[in-house]
Amino acid sequence: MTVNNNLSSMLAIQMEVNQMAQNIAQVSQIVAEPELRDMASDLITSSLIGQIPQTIAYSANATGIVTQMEVMDSLLDIKA
């Protein structure tokens with residue numbers, strides 16, 4: 001069923017966003033060393049930018065689930 005596919009996609013996206021959040025959290029350790037500050041800036045930038053499409057995809061999957069449930073309700077109303 002499509003709802004299960006959307007839920008699986010949402011879980012995969014959540015795992016990716018969690019990984020990006022962990023990357024951002026690690027920056028505090030990297031910034032302590034002066035020679036790694038440029039790398040820390042790149043890590044923060046790539047992690048923050050990477051979260052944008054993930055957030056959009058998560059929202060799209062949630063909207064898909066809501067739409068599927070509304071269609072299912074309409075079909076059940078028609079059948080009743």
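**Group meeting: a two-helix model**

The protein exposes about 5,900 Å², and carbon and sulfur atoms supply 62% of that area. Keep in mind that this is a predicted model.

Overall layout, then. The secondary structure comes to 2 helices and 0 strands. Helix 1 covers residues 2-31. Helix 2 covers residues 37-79.

Now the dimensions. Along the principal axes, the C-alpha atoms fill a box of roughly 70 × 15 × 15 Å. The radius of gyration is 19 Å, whereas a compact globule of 80 residues would have one near 12 Å. Helix 2 has 43 residues. From its first C-alpha to its last, helix 2 reaches 63 Å, close to the 63 Å expected at 1.5 Å a residue.

What share of the 80 residues is buried? The figure is 20%. What about contact range? Take contacts between residues at least 6 apart in sequence: 72% of them join residues at least 24 apart.

Which residues of helix 2 are buried? Here is the list: Ala40, Leu43, Ser47, Gly50, Gln51, Gln54, Asn61 and Ile65. Several of these names come back as we go along helix 1.

Start with Val27. Val27 lies in helix 1. Its relative accessible area is 6%, so Val27 counts as buried. Which residues does Val27 touch, leaving aside neighbours within four places in sequence? The partners are Ala40, Leu43 and Ile44. Ala40 and Leu43 are on the buried list of helix 2. There is also a distance to note here. Val27 and Arg37 are 10 residues apart along the chain, and their C-alpha atoms are separated by 8.7 Å.

Next, Asn23. This residue is also found in helix 1. Buried or exposed? Asn23 is buried, because its relative accessible area is 18% and the cut-off for buried is under 20%. Beyond its neighbours within four places in sequence, Asn23 is in contact with Leu43 and Ser47. Leu43 is a contact of Val27 too. Both Leu43 and Ser47 are among the buried residues of helix 2.

On to Asn18, in helix 1. Asn18 has a relative accessible area of 40%, so this one is partly exposed. How far apart are the C-alpha atoms of Asn18 and Gln51? They are separated by 9.5 Å, with the two positions 33 residues apart along the chain counted as their spacing. Gln51 itself is one of the buried residues of helix 2.

Leu7 is in helix 1 as well. Its relative accessibility is 41%, so Leu7 counts as partly exposed. Leu7 and Glu70 are 63 residues apart in sequence. In space, C-alpha to C-alpha, Leu7 and Glu70 are 16 Å apart.

Then Asn6, again in helix 1. At 12% relative accessible area, Asn6 is buried. With which residues is Asn6 in contact, leaving aside neighbours within four places in sequence? They are Asn61, Gly64, Ile65 and Gln68. Of those, Asn61 and Ile65 appear among the buried residues of helix 2.

Last stop, the surface. Val71, Leu75 and Ile78 make a nonpolar surface patch of about 310 Å². Take Ile78 from that patch. Ile78 sits in helix 2. Why does Ile78 count as exposed? Because its relative accessible area is 68%, and exposed means over 50%.

To recap. The model has 2 helices and 0 strands. Val27 of helix 1 is in contact with Ala40, Leu43 and Ile44. Asn6 is in contact with Asn61, Gly64, Ile65 and Gln68. The patch of Val71, Leu75 and Ile78 covers about 310 Å².

How values were computed. Residues are numbered from 1 along each chain as its sequence is written. This is a predicted model: local features need pLDDT of at least 70, side-chain atom pairs count only at pLDDT 80 or more; totals for chains, interfaces and linings use all residues. Side-chain values use heavy atoms; hydrogens and water are left out. Patches are made of residues with over 30% relative accessible area and no salt bridge: like charges are joined within 9 Å, nonpolar side chains (Val, Leu, Ile, Met, Phe, Trp, Tyr) within 5 Å. Accessible areas come from the Shrake-Rupley method with a 1.4 Å probe; for residues, only the protein chains shown count as cover. A salt bridge is a side-chain nitrogen of Lys or Arg within 4 Å of a carboxyl oxygen of Asp or Glu. Helices (H or I, at least four residues) and strands (E, at least two) are DSSP runs, numbered from the N terminus. Buried means under 20% relative accessible area, exposed over 50%, partly exposed in between (1.4 Å probe, protein chains only). Contact means heavy atoms within 4.5 Å. The radius of gyration is taken over C-alpha atoms; the globule rule is 2.2 Å times the number of residues to the power 0.38. The expected span of a helix is 1.5 Å times one less than its number of residues.
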